[in-house]
Amino acid sequence: MTCFFIGAGPGAADLLTLRAQRVLARCRTCLYAGSLVPPEVLEHLPSDARRIDTQTLQLDAIVAEIAAAHERGEDVARLHSGDLSIFSALAEQARRLDRLGIPWEIVPGVPAFAAAAAALRRELTVPALSQTVILARYARNASPVPDSEQLERLAEHRATLVVHLGAHALREIAERLLPFYGPDCPAAVVADASRPSEKIVRAPLAELARLAEAAGIKRNAVIVVGRALAAEGFRDSHLYSPARAR
């Protein structure tokens, strides 16, 4: 028996990977967050698989369900939205499974920031303008962020900044970033990226919060700030340059 931590992607059911589909088809138990994982994803499970919505469960209860499936000799699908590599709470679950001797694997998924970039039709890195993307989250009502990773410290780099889980505090976030990026810096909020309910707001950083609030964006959104969002006239990359040594 194996517990498979599966990245379910940003929301669109057809962004689930082929590997994830194959794994789901063999799992007799599935734990998922009903508020984030679309019902269409669950259609890849066996028809008689146990489906457990975790949005009201605490960590110990989730691990207990996985352990019970392990005792029954069943493979388990633990579905998370986006990809498991960032802000997924994978580490705390995996730590407990290791203590219990339950084997586990990761099946990666399409992360929300990639879906947001696709919706914006933008590359987040542009030659000679921004070659770094910083993935961060906002911590007003969540686990604390280390002092060295406060927004102001990250903004000092003026790299492309992607803030997860911060739509509820967009005005506060913008105010903290303005001294570093400036009021005219291109910015965007993408809510429900890849879903039919997707909303996109593009604006200079100084106007972003007001326009996002007017659009009714309050959650499930990714905030992107940086000059790469409106880059024009930049030089071609060296990757396909005729001058590059082959």
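In the next few minutes I will talk about two domains, one helix and one buried residue in this structure.

Please keep in mind throughout that what we are looking at is a predicted model.

Let me begin with the overall layout, where the domain assignment of the protein chain gives domain 1, covering residues 3-107, and domain 2, covering residues 112-230. The C-alpha centres of these two domains lie 28 Å apart, and 8 residues of domain 1 are in contact with 11 residues of domain 2. The area buried between domain 1 and domain 2 comes to about 780 Å², and carbon and sulfur atoms give 63% of that area. On the domain 1 side, Pro-10, Ile-86 and Phe-87 lose the most area to domain 2, and together they make up 59% of what that side buries. If we look for salt bridges between domain 1 and domain 2, the count is 0.

Now let us turn to helix 3, which runs over residues 59-72. How far apart should the ends of this helix be, given its 14 residues? At 1.5 Å a residue, helix 3 should span 20 Å, and its end C-alpha atoms are indeed 20 Å apart, so the expectation and the model agree.

Which residues of helix 3 are buried? They are Leu-59, Ile-62, Val-63, Ile-66 and Ala-69. These residues cover an arc of only 120° around the axis, and therefore they sit on the same side of helix 3. It helps to recall here that an α-helix has 3.6 residues a turn, so residues three or four places apart point the same way. On the other side of helix 3, by contrast, Asp-60 and Glu-71 are exposed. As for what covers the buried residues of helix 3, the list includes strand 1 (3-7), strand 2 (29-32), strand 4 (76-80) and helix 4 (90-100). Helix 3 is followed by Gly-73, whose phi is positive, near 80°.

Finally, I would like to pick out one residue, Val-224, which has its place in strand 10, residues 221-225. Is Val-224 buried or exposed? With a relative accessible area of 2%, Val-224 counts as buried, because buried means under 20%. Leaving aside residues up to four places away in sequence, Val-224 touches several others, among them Leu-120, Leu-124, Thr-160, Leu-161 and Val-162, and also Pro-186, Ala-187, Ala-188 and Leu-229. Ser-194, which is 30 residues from Val-224 along the chain, has its C-alpha atom 16 Å from that of Val-224.

Terms used:
Residues numbered from 1 in each chain as written. Predicted model: local features only at pLDDT ≥ 70, side-chain atom pairs only at ≥ 80, totals over all residues. Heavy atoms only, no water. Helix = DSSP H or I, 4+ residues; strand = E, 2+ residues; numbered from the N terminus. Expected span 1.5 Å × (residues − 1). Buried < 20%, exposed > 50% of the residue type's maximum accessible area, 1.4 Å probe, protein only. Arc of directions from axis to C-beta. Contact = heavy atoms within 4.5 Å. Domains from an automatic or database assignment. Buried area = accessible area lost by both parts, 1.4 Å probe. Salt bridge = Lys/Arg side-chain N within 4 Å of Asp/Glu carboxyl O.
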